[in-house]
Amino acid sequence: MSRRGERNEETDKASVSSNVADDSQRMTTIYAVYLIAALDITWMFLQFSVTPYLAKKLGFDTLWFGYLQTTVGVIQLLGGPMFGRFADLFGARTALSLACASTVVFFLLLATADTPAMLFIHKIPTVFMHVLPASQMVVTDLTKPEKRADALSKLGLCFGIGMIVGSTLGGQLSKLYGEKFTACFGTAGSAFSLLLVLKFIPKNTKAETTRGNTTDDNRRKSVFNLSEITRLMKFPTVMQTFIIKIVAGLPSGIFQVMFSIIALEFFKLQPEQNGYLMAYFGIVQMVIQGGVIGRLTARYSDNSLLLLSIGVSSFVGLAQAYIQNVWQFCFNILPMMFSLSVFNAITDSMLTKSVPSSDTGTMLGLCASVQSLLRTVGPTIGGFLYVNYGISSIGLIQFFVNIAVFVYLLQRRLNKTAEQRK
């Protein structure tokens, strides 16, 4: 009996040691993903300090710049769901490697863009440039459902860091060395991100049980199987959450895609000044993502936080309609970033919780496609509104759309509460 007891004790210790090792490896992977995401956002905002000013030098007006942004939205709208399914079938490391490699090509083409046609051509690699969604996939795979919203919000913290560093660095590099050197710098940075992926991200991040039951079947299905992608919409609450994500997110999405033009023409900002403003964006987002969202998700339900974010967003739009200078805008950034951060983290978390773990990559790809849809229609709508009715029209639309969604969700919640009481 004593020997058997000793063997059981040794087995228990080995099991505990294995769990500790697994947890340690899991956290190492998550931290590596956070670093990769922060670097990717840095290169993205580095690009933002190049493209608007390069487009202006090449003769683009507001309308044509809107077409350029729409091109990116269409390309990523088509690529997002396919990329998510690709990640489910072939693993996170392969998907992240593809995304980082595409970013390298993107910056190489940007560095050689000296005609309007080349400025459009350099957007083609964005079909695979989904580093942030791929990072969300890894974090989703490695975290428990109850901690998922907080873990995903930490990627927003990385977003803030990348926004600060990328905007400041991009503005200074463009000012001192020009757009071409800045694009080359982005190429080198993206290559470094690719090396980090190959070094620290395991081939598969999904649970062993999930892989064992589904991987062989999934590999027999095509990445381009639309029925396998759209079937996720049949899961409970998924379609409703998607509609809310699109409708409530569209007005703020319009403002985001038009912001570079607004900063250039309405606020009259120079590249380095625009970099400082984007750095301020990043600081605010870091505080919210790192110190606020985790505490909120621990105390309140997803539905309550979704309602809060949409309500705040409606009043952000109302305030935005009356902004006259950059200082007023800086004050409005605080509730704006709060509503955006909570809204994106909560809706992504709700959607991944609604589907099996084997399909979370595809679901996050669909979430990315929502953002791409907003970037597709946003520039055209935003350009029309801005040219014909001014910046105030974008804010008023955001107010009316979000207040309507808020009232709908609130009424639905009250009805559900009344039914439960009966």
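Is T352 buried or exposed? T352 is buried, with a relative accessible area of 1%. The legends below walk through this residue and several other sites in what is a predicted model.

**View 1. The whole chain is built from helices.** The chain holds 17 helices and 0 strands. Of its 422 residues, 53% count as buried. Among contacts between residues at least 6 apart in sequence, 85% join residues at least 24 apart. The chain exposes about 19,600 Å², and carbon and sulfur atoms supply 64% of that area.

**View 2. T352 sits in helix 15 and is buried**. Leaving aside neighbours within four places in sequence, T352 is in contact with T140, R148, T360, M363 and L364. Three of these names come back in the next view, so keep T140, T360 and L364 in mind as you move on.**View 3. Helix 6 packs against helix 16.** Two packed helices are described by the angle between their axes and the distance between the axes. For helix 6 (residues 131-142) and helix 16 (residues 360-389), the angle is about 145° and the axes lie 9 Å apart. Helix 6 passes helix 16 in a right-handed crossing. On the helix 6 side, the contact is made by P133, Q136, M137, T140 and D141. Helix 16 contributes T360, G361, L364, G365 and A368. T140, T360 and L364 also appear among the contacts of T352 in the previous view.

**View 4. K57 and E179 form a salt bridge.** A search of the whole structure finds 3 salt bridges, and each gets its own view here. Side chains of opposite charge can pair when their charged atoms come close. In this view the side chains of K57 and E179 meet with an N to O distance of 3.1 Å. K57 lies in helix 2 (residues 51-57) and E179 in helix 8, so the pair ties together parts that are 122 residues apart in sequence. Which partner is buried and which is exposed? K57 is exposed, with a relative accessible area of 62%, whereas E179 counts as buried at 14%.

**View 5. K245 and D348 form a salt bridge between buried residues**. The closest N and O atoms of K245 and D348 are 3.0 Å apart. The pair links distant parts of the chain, with K245 in helix 11 (residues 238-266) and D348 in helix 15 (residues 326-353), 103 residues apart. K245 has a relative accessible area of 1%, which means that it is buried. D348 also counts as buried, at 8% relative accessibility.

**View 6. D302 and K353 form a salt bridge.** Here the closest N and O atoms are 3.1 Å apart. D302 lies in helix 14 (residues 302-320) and K353 in helix 15, so the pair ties together parts that are 51 residues apart in sequence. D302 is buried, with a relative accessible area of 18%. K353 is partly exposed, with a relative accessible area of 36%.

**View 7. S153 is a buried residue of helix 7**. Its relative accessibility is 1%. Where does the chain come back to S153? Leaving aside neighbours within four places in sequence, S153 is in contact with Q289, I293 and A345. The C-alpha atoms of S153 and G294 are separated by 7.3 Å, although these residues are 141 apart along the chain.

**View 8. L176, Y177, F181 and F185 form a nonpolar patch on the surface**. Together these residues have about 420 Å² of accessible area. Helix 7 (148-177) and helix 8 (179-200) are the elements that give two or more residues to the patch. Y177 belongs to helix 7, and at 54% relative accessibility Y177 counts as exposed. Helix 8 may look familiar, as E179 of the salt bridge with K57 also lies there.

**View 9. T237 has a positive phi.** Most residues other than glycine have a negative phi, and most peptide bonds are trans. T237 is not a glycine, yet its phi is positive, at about 70°. If you are looking for T237 in the model, it is in the loop between helix 10 (226-230) and helix 11.

Conventions:
Residues are numbered from 1 along each chain as its sequence is written. This is a predicted model: local features need pLDDT of at least 70, side-chain atom pairs count only at pLDDT 80 or more; totals for chains, interfaces and linings use all residues. Side-chain values use heavy atoms; hydrogens and water are left out. Patches are made of residues with over 30% relative accessible area and no salt bridge: like charges are joined within 9 Å, nonpolar side chains (Val, Leu, Ile, Met, Phe, Trp, Tyr) within 5 Å. Accessible areas come from the Shrake-Rupley method with a 1.4 Å probe; for residues, only the protein chains shown count as cover. A salt bridge is a side-chain nitrogen of Lys or Arg within 4 Å of a carboxyl oxygen of Asp or Glu. Helices (H or I, at least four residues) and strands (E, at least two) are DSSP runs, numbered from the N terminus. Buried means under 20% relative accessible area, exposed over 50%, partly exposed in between (1.4 Å probe, protein chains only). Axes are lines fitted to C-alpha atoms, for helices over the stretch in contact, and angles run from 0 to 180 degrees between N-to-C directions. A crossing is left-handed if the near helix is turned anticlockwise from the far one by less than a right angle, and right-handed if clockwise. Contact means heavy atoms within 4.5 Å.
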